[in-house]
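Okay, thanks for having me, everyone. Let me put the structure up on the screen so we can walk through it together.

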Amino acid sequence: MRSSRIYLLSVLVAATTLVAYSGLAAPNPERDAFYGETHVHTGWSFDAYIFGNTKTSPEDAYKYGMGEAIEHPMGFKIKIDHPLDWMGVTDHSEYVGTVKLANTPGSAISKLPIAEKLHVKDKADIQRVYLFLGTSMIDNKPIKELLSPEVAGSVWKENVAIADKYYKPGKFTTFASYEWTSTPDNCNMHRNVFFRDSKKVPEMPFSSIDSQAPEDLWKWMDGQRAAGNELLCISHNANLSDGIMFPTEVDFKGRPIDKAWADARDRNERLSEMKQIKGASETTPLLSPDDEFANFEILNYLLGFPAGRAPHISGSYIREAYEHGLAMEATRGYNPYKFGLMGGSDSHNSGTPYRQDNFYGGHAFNDGELKQRMSGHIFAGLDTRLENPAGLSGVWAEENTREAIFDAMKRKETFATCGFSVVGRSSKI
C-alpha cells in the first residue's frame, strides 16, 4: 500500500512538473473565456502597404497582441493595456507581400517590369496602385506576374513560420490564417480562413483570384479537410456585402439554394464577424425599427464607392439572417444560418484600437490623426468620421492552445464583444 502511494505521489509530482515546464495550466473542463483577434492586416497586405503601413510584418502584429508597443505608420507608438490571449494575422491572400517586395530593392519582384506599376512614392501613387490591384480583383482579371509560387508561396510560408514562432501554448496562441478577399462588383464577400495547426497547411492559400465564389472556397476547404487539414472560415462583417452575404433563394452562381448548399456553408463557415472598425452588422433601424439600439455603429456603403449605387440592406445583416434561417428550416427542412458570432478589427496598421480613448484609426495615413478623421476625409468610400473601435472575439475553451481555441470556434462556443470592459479582466484591452 505504501509503495503504491509513493508511486502515485511521484506521478502527481511529475505531472505537476511537466505542466510547470510547458507553461500550460491544467485544462479546465468547465472552460474559460479567452479573448482574441481574428481580423488584422500588416504591411504584407497590398492595401495596407499602399495606405502607408510599409514597415510592419506579422511579427509586429503578434508583438502588439502580446502587449508590446509597436510603431504606428505615422510614427507614434501604439499599445494595448492588456495582452490578448490569441490571434490570427489575416493578410489578404491576393498579391500578398507583392507591393512591399516591389518597393524593396533586390527582391525577386523588384527586378520584374511589373514592379514599376507598384512603386509607391507619393499620395498619388497610393490611389493609382490601389485601383490597379483592386480593380484586377473586382473584375477578376489577375496579374499573373504577381501570382507565382516563388513569390506568393514564399510569403505564405513565412507567414506560417512567424505564427509558429510566436505560439506559446498556455500563454499566447497564434494561428496560420489569411483573408480570402472576394469583392465582386464592389460587394464585400471576404472570409477569414483559420487552420487548426500548421503541420499540413497548403503550399498556397486559396484566393479570390482562384475563384470569387464562396461555394468554391468551401469545396477547396472540404478537400483540405479530407486530406487531414482541419480548417474553418469566418464571414467578413456583412454590412458592406450589398445584400449577397446571406442569400435565401439562389447562391453566388445563380443556382437554387438547397440542403447541400446549406450543409456546405454550415460545415465550413461556422462563424460570422458582427463588429469591426467599419461598423456593425447585427441589424439596422430599417430592419429593426422597434429596437432603440439598432442604430449602433451603422456604416453602410460599398467598397470603392461606385457612383449611382445605393447598397442593399436585406441580406447584409446577421439578425435578419438568423430569422431567414429559421424560416428556411420550417419550410424547407434546412438552415444555412446557424453560425456563431465573432468580433474583429480589420485594422491595416498591424495594431488595433479596441477603445475610443485609445483610437488611432485603422488605415495608416488615411485616418491616423483625430483632426484628419473629423474633417470628413473620405477614401475608397469610407467616411472616416464613422469609424469606430474594433470588436473582439471571445471563445469558451478548456485551455489556451491552438487545438482548444480552434475547437471552441468549431463548436461555435463564441461571442463578440468590445474592449471597453472585459469580464474577469483587471484592466481594459
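I'll talk about a sheet and then about a cavity.

Just so we're clear, this is a predicted model. Let's start with the sheet. It's an open one with five strands, and the order runs β5-β4-β1-β14-β15, with mixed pairing. Now look at the edges: β5, residues 173-175, and β15, residues 414-418, each have a single partner strand, so one side of each is left without a neighbour in the sheet. Going from one strand to the next, the twist averages 30 degrees.

Let's zoom in on the β15 edge. Strand β14, which is residues 391-397, pairs with β15 in the antiparallel sense, over five bridges. If you want a spot to click on, take Gly 391: its bridge partner in β15 is Cys 418.

What packs on the sheet, touching β4 and β5? That's helix α3, residues 58-65. Its direction makes about 160 degrees with that of β4, which is residues 86-88.

Okay, on to the cavity. How many cavities of 30 Å³ or more does the structure hold? Just one. The largest cavity has about 60 Å³ of space in it. Around it you'll find Trp 44, Asp 91, His 92, Ser 93, Val 96, Val 155, Trp 156, Asn 159, Tyr 178 and Pro 205. By type, that lining divides into six nonpolar residues, three polar and one charged. And which helix gives the most to the lining? Helix α6, residues 149-165, with three residues.

That's it from me, happy to rotate the view if anyone wants another look.

Note on methods:
Residues are numbered from 1 along each chain as its sequence is written. This is a predicted model: local features need pLDDT of at least 70, side-chain atom pairs count only at pLDDT 80 or more; totals for chains, interfaces and linings use all residues. Side-chain values use heavy atoms; hydrogens and water are left out. Two strands pair if DSSP finds at least two bridges between them. Helices (H or I, at least four residues) and strands (E, at least two) are DSSP runs, numbered from the N terminus. Axes are lines fitted to C-alpha atoms, for helices over the stretch in contact, and angles run from 0 to 180 degrees between N-to-C directions. Contact means heavy atoms within 4.5 Å. On a 1 Å grid over the protein atoms alone, a cavity is a set of points where a 1.4 Å probe fits but cannot get out, and a pocket is an open set with protein on both sides within 12 Å along at least five of seven lines; lining residues have an atom within 4 Å of a point. Grid points are joined across faces, edges and corners, and a volume is the space filled by probe spheres set on the points. Ala, Val, Leu, Ile, Met, Phe, Trp, Tyr, Cys and Pro count as nonpolar, Asp, Glu, Lys and Arg as charged, and the others, Gly among them, as polar.
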